[in-house]
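Colleague: Could you walk me through a few features of this model, and show me how to read each one?
Modeller: Happily, let's look at it together.

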Amino acid sequence: MLNFTNLFKIKQSDRNKFCSYVIESSDPHGDFYFLTMLSALIVALGLLANNIILIIGGMVVAPILSPILALALGIIINDSKVILRSLKIFL
């Protein structure tokens with residue numbers, strides 16, 4: 001029989017590694033700004049061409065998932081510094 005009691009338990013060190021990875025990955029670097037500009041260009045071309053596929057493609061390219069994940073993590077761990085940093089990056 002399978003033991004499901006340890007299925008969702010993780011070590012504290014693994015949890016800390018995950019939290020630091022999510023926070024660091026949301027830090028805007030050159031590639032973040034490049035993808036944001038590329039996304040804005042694709043969406044603008046999609047709006048000008050009245051092409052929904054380009055608009056959705058531009059949204060897919062947008063790198064805003066990392067700041068959203070960091071914001072959610074900041075709320076979960078109740079860290080105002082992470083929350084404010086993520087909101088600043090997101091806005």
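What follows is a short tour of helix packing, an aromatic pair and a residue in a helix contact.

Colleague: What should I keep in mind before starting?
Modeller: This is a predicted model, so let's read each feature as a property of that prediction.

Colleague: How do I read the packing of α2 and α3, and at what angle do the two helices pack?
Modeller: An angle over 145 degrees between helix directions counts as roughly antiparallel. Here helix α2 (residues 30-49) and helix α3 (residues 52-61) have axes 7 Å apart and pack at an angle of about 170°, so α2 and α3 are roughly antiparallel to each other.

Colleague: Which residues make that contact?
Modeller: From α2, the contributors include Leu-35, Leu-38, Ser-39, Ile-42 and Val-43. Among those on the α3 side are Leu-54, Ile-55, Gly-58, Met-59 and Val-61. By type, the residues of the α2 contact with α3 comprise 10 nonpolar, 4 polar and no charged.

Colleague: Let me pick Ser-39: is it buried or exposed?
Modeller: Buried means under 20% relative accessible area. Ser-39, which sits in helix α2, has 8% relative accessibility and so counts as buried. Setting aside neighbours within four places in sequence, Ser-39 touches Gly-58, Met-59, Val-61 and Ala-62.

Colleague: Now α1 and α4: at what angle do their axes cross?
Modeller: Roughly 135°, with the axes of helix α1 (residues 12-25) and helix α4 (residues 65-77) coming within 8 Å. That angle makes α1 oblique to α4. The crossing of α1 past α4 is left-handed.

Colleague: And which residues of α1 and α4 make the contact?
Modeller: On α1 they are Cys-19, Val-22, Ile-23 and Ser-25, and on α4 they are Ser-66, Leu-69, Ala-70 and Leu-73. Sorted by type, this α1 contact with α4 has 6 nonpolar residues, 2 polar and no charged.

Colleague: Let's turn to rings. How many aromatic pairs does a search of the whole structure find?
Modeller: The search of the whole structure gives 1 aromatic pair. For its geometry, ring planes over 60 degrees apart count as edge-to-face. The rings of Phe-32 and Tyr-33 have planes at 80° and centres 5.6 Å apart, so this pair is edge-to-face.

Colleague: What is the relative accessible area of Phe-32, and what is that of Tyr-33?
Modeller: Phe-32 has a relative accessible area of 14%, so Phe-32 is buried. Tyr-33 has 48%, which makes Tyr-33 partly exposed.

Definitions and conventions: Residues are numbered from 1 along each chain as its sequence is written. This is a predicted model: local features need pLDDT of at least 70, side-chain atom pairs count only at pLDDT 80 or more; totals for chains, interfaces and linings use all residues. Side-chain values use heavy atoms; hydrogens and water are left out. Axes are lines fitted to C-alpha atoms, for helices over the stretch in contact, and angles run from 0 to 180 degrees between N-to-C directions. Helices (H or I, at least four residues) and strands (E, at least two) are DSSP runs, numbered from the N terminus. Angles under 35 degrees count as roughly parallel, over 145 as roughly antiparallel, 65 to 115 as roughly perpendicular and the rest as oblique. A crossing is left-handed if the near helix is turned anticlockwise from the far one by less than a right angle, and right-handed if clockwise. Contact means heavy atoms within 4.5 Å. Ala, Val, Leu, Ile, Met, Phe, Trp, Tyr, Cys and Pro count as nonpolar, Asp, Glu, Lys and Arg as charged, and the others, Gly among them, as polar. Rings of Phe, Tyr and Trp (its six-membered ring) pair if their centres lie within 6.5 Å; planes under 30 degrees apart count as stacked, over 60 as edge-to-face and the rest as tilted. Buried means under 20% relative accessible area, exposed over 50%, partly exposed in between (1.4 Å probe, protein chains only).
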